Each structure stands twice: as C-alpha cells, then as structure tokens.
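Hi,

Here is the structure I promised to pass on. Have a look through it first, and my notes come after.

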Amino acid sequence: MTDDITVFTGNAHPEFAQEMCDILGVELSPTKITRFSNDCLQVQLRANCRRKDVYVVQPLVPPVQENLIELLLMLDAARGASANHITAVIPHFSYARSDKKDAPRISIGAKLVADLLATAGATRVITMTLHSEQVHGFFPVPVDHLSAIRELAAHYADKDLTNTVVVSPDFGYAKVASEFARLLQLPVAAGSKRRMGDDTVVIDEIVGDVRGKKVIIIDDEVATAGSMIELMDKLREYEVGAISIATTHGLFTGKAVERLNSQDDVLEIVSTNTVPLTPERTPSKLESRSVAPLFAQAVRRHNAGESISSLFSDDVTYG
C-alpha cells in the first residue's frame, strides 16, 4: 500500500519527516522552496502527486508564520497536482493556544488557521497534543489527534518511582495528567493557576499530597518556562524532592534554557521531537523521545483504511 504514499516536507523539521519516511519505507519526495525579490515564497513539489495519497509534514514552529505559509503553499500545490487525498501532518500546531476570545476585538487564531488549511487543500490533519481539546472541533476536515502520553510514560517505566507524584500545572490539564499517572500507577496533584499574561502565571496552591514527595510535572508544552518556574517554586514550599519535567512540545523559547538550567533540583527534562532543537534551545538535562514512529503508524493506518484510535485503546500500565 505504501506505493500510494507520497511525503513532502518544508523547512520546519525535515529530520522528523525523514525519520517518518525511513520507518514507512518510502522516499521523502523533494520540494523546492524559493523566495522572490519581493520576499514572496514559491513552492514546487518535485514528485508526481496525481492520484496519490499525499502527506505534507510541517510543524508550526518558529518562525511560525514562515512555516505556515510554506505548508499552505505545499497543500495548494498538491491539490493543483490532482492528489487523491492530501493530509497535513502537523506535529506541533502552535496556533492551538489561540483557542478562545478572552479579550475584546481579537481573532481566534486556531479557528482561522484550521480554515486556511482546509481552504489550501488539506482533506485531513494529523497532529499531536493540541493545547486544548476543543481545538479539534475547529477544523472543517477530519483530524487524527495523537497523544504522546504513552511515549513519555515509557521513559519512566524502568525508573524507581517510589514516593513519586504526578503534578499537573493546572486543573485544565488534570485529565491528561491523570491518564499519565494511571499508566505509571502513581497519584496525581494539580496546581491552582491564574494566568496573568502570555508567560506570567500565579500558582496559589497545590491541590493534592506532594509534601516530601518526588514529583513529575507533566504539561503539553514548555515555551519560555515562566509557568514551569512558578510551579516549581510553589512545589518547593511543600519540601518536594527531585523534580522531573515531562512535556510533549519542548519549544524552549526566550529565557527558557537559562531558567531551566539554573534549577539544581530538576533531575531531568523529557520531551518529544515534535519541535526541532538547536544547541542554544536545548536544556542541559534534556532527554528526547521520538514520536516519528507513532506518526508513521498513523500514516500507514490511514493509508490502509485502518483505525488510528486503536493505537491508544489498549489497557497498558508501566507501574
């Protein structure tokens, strides 16, 4: 069936696309991206798309707007080349954070970008760990929403988790944290958080028994790490022991690396490879887990007309 699969990628994270293709046993098809003198981009897909199942791999990572336009142009090119199905594979959908109208006269960016993807030609989207579950419903095309929780939990499977508690940064992420804790057979706690700005929060208290415990903080993404530092400072008031951080999207923007490297009691930071890392954006204690095999399996199952949700339906624990 993989004879029908054609995979393209842009400049956002070509290593991720190549790893997917290696697992699938298909060639990563070439893409030519050029820039005109007026700063406009042009994309040419340099492989046959006619009646093919086309997958365009492009996370929305910094520079987000540049990578978004590349993705839209690639989708439109595939549609113009008579592709049978066109799937946008977006390991990190950064606009998912713009999911509500919490101030006057602002755009709900997640909905707008979802509509743009469909308008450009996407007939399906495969993504991972959206910032909030309701963003799934913003898309006018089917969405396969993958989870990295099992991959992150597998990292801790062989570790001594005695006297350890899983901590969610807020009540909104407590459901996912509870699933993560169930896989490791651990108790769960959550921070009572009030967001004051993009990277400024106040943690009033920790709900749950964390005093004197080791903790694993689980969150969907770490950007500037401002919220993470605030949460760890509050946890230290409860005299917690070693701290581990687990996240799907390790963006590590702004002062994140400097902030995280200065935390002596942080044992490790575990993240997936949905976001490409550069030396200046890699914390010293980072452990990376690849989710390219999970995306490759989703592509294979989609191409074969098989269930993707069954990837996450087995009753697995690591405790």
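Below is what I found in it, along with how the terms are used.

First, the basics. This is a predicted model, where local features need pLDDT of at least 70 and side-chain atom pairs count only at pLDDT 80 or more, while totals for chains, interfaces and linings use all residues. Residues are numbered from 1 along each chain as its sequence is written, and side-chain values use heavy atoms, with hydrogens and water left out.

Start with strand β1, residues 5-9 (strands are DSSP runs of E with at least two residues, helices runs of H or I with at least four, numbered from the N terminus). Five of its five residues are buried (under 20% relative accessible area, with a 1.4 Å probe and protein chains only), so β1 is largely enclosed by the rest of the structure. Both faces are covered: I5, V7 and T9 on one side, T6 and F8 on the other. β1 pairs with β4 (residues 53-57) in the parallel sense, over five bridges; pairing takes at least two DSSP bridges between the strands. V7, for one, has Y55 of β4 as its bridge partner.

Next, N67 in helix α2, residues 64-80. N67 counts as buried because its relative accessibility is 4%. Leaving aside residues up to four places away in sequence, N67 touches N11, A12, Q58, P59, L60, V61 and P62 (contact means heavy atoms within 4.5 Å).

Last, helix α5, residues 174-184, where A177, F180, A181, L183 and L184 are buried. They sit on the same side of α5, because they cover an arc of only 155 degrees around the axis (taken from the directions from the helix axis to the C-beta atoms). After α5 comes Q185, with a positive phi near 55 degrees.

Cheers

Key:
Buried means under 20% relative accessible area, exposed over 50%, partly exposed in between (1.4 Å probe, protein chains only).
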